[in-house]
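Reader: I would like a close look at a single part of this protein, taken slowly and set in its surroundings. Please keep to what the model itself shows.

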Amino acid sequence: MRLRLPQRGGGGLFGRRGPLGGGRLAALKVRLAIGAVIALVALVGYFMNTSVNPITGQSQRVGGIDEAQEIQMGLASMQQMAGEFGGESSNAQARALVDQVGRRLLSVVDDVYPKSETIPWQFSFTLLADDQTVNAFALPGGPCFITEALFKRLETEGQLAGVMGHEIGHVIHRHGLERMAKGKLLQGLVGAANVAGGDMGAGQILAVVGNTKMLKYGREDELECDEEGIKLMVAAGYDPRSMIGVMEILKEASGGASPSPEWKSSHPHPENRAQRIEELIATAYPNGLPQGLRR
Ligand SMILES: [Zn+2]
């Protein structure tokens, strides 16, 4: 809902026709008060709505959405998302491999998080027919996808595990919901600023600042998922250094024309990520990686 207040005398915060008159000052006070209430409601809604992640045990702000609603959201948008990338691949063998690697990673979540509850989400691993867009992504509640364009470029099963492990990470960390909750908060604050500032465009400025901030959080999410992917890979018997190969493949692919939301534009530079992955491996396994991992 958008509040519109009567504006006498063409009023912005500083009206075009000189200093604040008595009537205008009263109107400004009302605007500021209403703006403050709207901002407060948005802030309280965001900060009071925390829930504990059943796998990681972290406290998260996900806008009060529970796992059942989350699963429902993913299932409801699954079909349409798949449709945007040519639907499911017709290559049965490749489809089976994607599913098998995804399930294998899922089966070790307990090893990575020994104190976790049973996985509440409904995971699925779908190979999409699109052979032009190099991409992989996940929806809230469990559906994970990889396009044929990315799948075909991968050289080893370990690299596929790297991609799928990263996507499983987005689901486990509930990044989609976190971003939605932040979006809702931002919308509330923009509304508040618009009311308080009259025609000053304060809301627009806040929207720009907020969006930039959110992009930064997005990148942190990506790095968190790379770390998650590494842990799942090692627990499932894959060599996490295969992730570095994935980054090289992405670097090569980014020379192409087709933009892909998940693995290109929203992700940090593959070069930085490759370096960060090497650091993560060195930190997580200071005495070296276990023997016999598959590439
Ligand atoms: Zn990602």
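Which residues point one way from β5, and which the other way?

Author: The model is a predicted one, and what follows should be read with that in mind. Pro-143, Phe-145 and Thr-147 point one way from β5, while Cys-144 and Ile-146 point the other way, and all of them are buried. In a regular strand the side chains alternate between the two faces of the sheet. Because five of the five residues of β5 are buried, the strand is largely enclosed by the rest of the structure. For the protein as a whole, buried residues make up 35% of the 295 residues.

The sheet comes next. Strand β5, which covers residues 143-147, belongs to an open sheet of three strands whose order is β3-β5-β4, with mixed pairing. The edge strands are β3 (124-128) and β4 (136-138), each of which pairs on one side only. Averaged over the sheet and with direction ignored, neighbouring strands are turned by 15 degrees against each other. Strands of a sheet pair through backbone hydrogen bonds, either parallel or antiparallel.

Both kinds of pairing meet at β5. With β3 the pairing is parallel and runs over five bridges; in this register Leu-127 stands opposite Ile-146, and Leu-128 stands opposite Thr-147. Strand β3 is itself mostly covered, with four of its five residues buried. With β4 the pairing is antiparallel, over three bridges, and here Ala-136 has Ile-146 as its bridge partner in β5. Strands β4 and β5 form a hairpin with four residues between them, and Gly-141, in the turn, has a positive phi of about 90 degrees.

Ile-146 deserves a closer look, since it appears in the pairing on both sides: opposite Leu-127 and as the bridge partner of Ala-136. If its neighbours within four places in sequence are left aside, Ile-146 is in contact with Val-98, Leu-127, Leu-128, Ala-136, Phe-151 and Val-163. The largest nonpolar core of the protein has 42 residues, and Cys-144 and Ile-146 are among those with the most contacts inside it, together with Leu-105, Ala-161, Met-164 and Ile-168. Helix α6 (residues 157-172) gives the most to this core, contributing seven residues. Apart from this core lies another one, of 11 residues, including Leu-177, Leu-185, Leu-189 and Ala-192. In soluble globular proteins, nonpolar side chains tend to be buried together.

Two helices can be placed against the sheet. Helix α2 (residues 67-84) packs on the sheet and touches β3 and β5, its direction making about 10 degrees with that of β5. Helix α6, for its part, lies across β3, β4 and β5 and runs at about 25 degrees to β4.

Farther along the chain, a helix pair can be followed through the residues that meet in it. The axes of helix α1 (residues 22-48) and helix α7 (residues 175-197) come within 7 Å and cross at roughly 175 degrees, which means that α1 is roughly antiparallel to α7. Among the residues of α1 that take part are Leu-32, Ile-38 and Tyr-46, and among those of α7 that they meet as a group are Leu-185, Leu-189 and Ala-192. The residues of this contact divide into 14 nonpolar, three polar and one charged. Leu-185, Leu-189 and Ala-192 also belong to the core of 11 residues.

For contrast with the buried strand, Glu-224 lies in helix α8 (residues 202-235) and is partly exposed, with 17 other C-beta atoms within 10 Å. Not counting residues up to four places away in sequence, Glu-224 touches Gly-169 and His-173. Glu-224 and His-170 are 54 residues apart in sequence, yet their C-alpha atoms are 8.5 Å apart in space.

The wider setting is a protein with 11 helices and five strands. Among its contacts between residues at least 6 apart in sequence, 71% join residues at least 24 apart.

Methods: Residues are numbered from 1 along each chain as its sequence is written. This is a predicted model: local features need pLDDT of at least 70, side-chain atom pairs count only at pLDDT 80 or more; totals for chains, interfaces and linings use all residues. A nonpolar core is a set of buried Ala, Val, Leu, Ile, Met, Phe, Trp, Tyr and Cys residues joined through C-beta atoms within 7 Å. A residue is buried if 20 or more other C-beta atoms lie within 10 Å of its own, exposed if 12 or fewer, and partly exposed in between; C-beta atoms are placed from the backbone. Two residues are in contact if their C-beta atoms, placed from the backbone, lie within 7 Å. Axes are lines fitted to C-alpha atoms, for helices over the stretch in contact, and angles run from 0 to 180 degrees between N-to-C directions. Angles under 35 degrees count as roughly parallel, over 145 as roughly antiparallel, 65 to 115 as roughly perpendicular and the rest as oblique. Ala, Val, Leu, Ile, Met, Phe, Trp, Tyr, Cys and Pro count as nonpolar, Asp, Glu, Lys and Arg as charged, and the others, Gly among them, as polar. Two strands pair if DSSP finds at least two bridges between them.
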